[in-house]
Structures are given as structure tokens and as C-alpha cells.
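New to this structure? Take a look at the sequence and the 3D view first, then read on for a short tour.

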Amino acid sequence: MIVEIRTYTCRVGTVPLFLEAYEKEGLQLQRQYLGEPIGWFVSEVGSLNEVVHLWRFEDMADRETRRAAMQKDDRWRQFLRSIAASNHLISD
């Protein structure tokens, strides 16, 4: 088993907006392809404005297969465009 840790850094004050958009549009899609997340976390102390989530996979091949299928879904790609347009996240 492997655990994928993903961290998103939000612009100051936008974590609640990002989480609201994700819950409405992204969560069900990710569950469909990736299964149940291990958890989603935000902090009120320490590293602020970050959203961390963890996903479990059998191995790297399982991860690659599931994520590739999700990337092909037009609904997922639209969600990603929507999040990018919202300007909630700070891109690297």
C-alpha cells in the first residue's frame, strides 16, 4: 500500500471558499475514481492556508490507473478549470 499526500496552498482567506467548491464539485468525482480519502486536513495554527489530503492506493500502478481515468473525465477537467479561475490556490 502507498499513501499519496497532496498539499494545496490557498490565498489568504480563501480556504473556506476552496473547501466549499471542492465539496460541491470535486469530492464525489474523486471518490468515484480514487475511493475514500484517508482524510482532509486544515490547520488553524502552524502552516496556515494549506489544505492537505491523503489517498490510499494498492501500489503505484493502482494510483496511476485511477488518476489517469479521473483525468479523462470531462467533469473533473471542468472542476480543475473552475478552481483555477477562482484564483483560490497559489500555483507553484
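## Around Arg67

Let's start with the company Arg67 keeps. Leaving aside residues up to four places away in sequence, Arg67 touches Glu4, Arg6, Gln30 and Leu34. Keep in mind that this is a predicted model.

You'll find Arg67 in helix H2, which runs over residues 60–72. Is Arg67 buried or exposed? Its relative accessible area is 10%, so Arg67 is buried, since the cut-off for buried is under 20%.

## A nonpolar patch on the surface

Now for the outside. Met1, Val3, Ile5 and Ile38 make a nonpolar surface patch of about 400 Å².

One of these, Met1, sits in the segment before strand S1 (2–9). Met1 has a relative accessibility of 64%, so it counts as exposed; the cut-off for that label is over 50%.

## The largest pocket

How do you spot a hollow in a model like this? Rolling a probe the size of a water molecule over the atoms shows where empty space is left.

Here, the largest pocket has a volume of about 420 Å³. It is lined by 21 residues, and the closest to its centre are Tyr8, Phe18, Leu80, Ile83 and Leu89. Strand S1 and the helices H1 (15–34), H2 and H3 (74–86) are the elements that each give two or more residues to this lining. Which element gives the largest share of the lining? That would be H3, with five residues.

Key: Residues numbered from 1 in each chain as written. Predicted model: local features only at pLDDT ≥ 70, side-chain atom pairs only at ≥ 80, totals over all residues. Heavy atoms only, no water. Helix = DSSP H or I, 4+ residues; strand = E, 2+ residues; numbered from the N terminus. Buried < 20%, exposed > 50% of the residue type's maximum accessible area, 1.4 Å probe, protein only. Contact = heavy atoms within 4.5 Å. Patch = residues over 30% accessible without salt bridge, like charges linked within 9 Å, V, L, I, M, F, W, Y side chains within 5 Å. Areas by Shrake-Rupley, 256 points an atom, 1.4 Å probe, with all protein chains shown as cover. Salt bridge = Lys/Arg side-chain N within 4 Å of Asp/Glu carboxyl O. 1 Å grid on protein atoms, 1.4 Å probe; cavity = no way out; pocket = protein on both sides within 12 Å on 5 of 7 lines; lining within 4 Å. Points joined across faces, edges and corners; volume = space filled by probe spheres on them.
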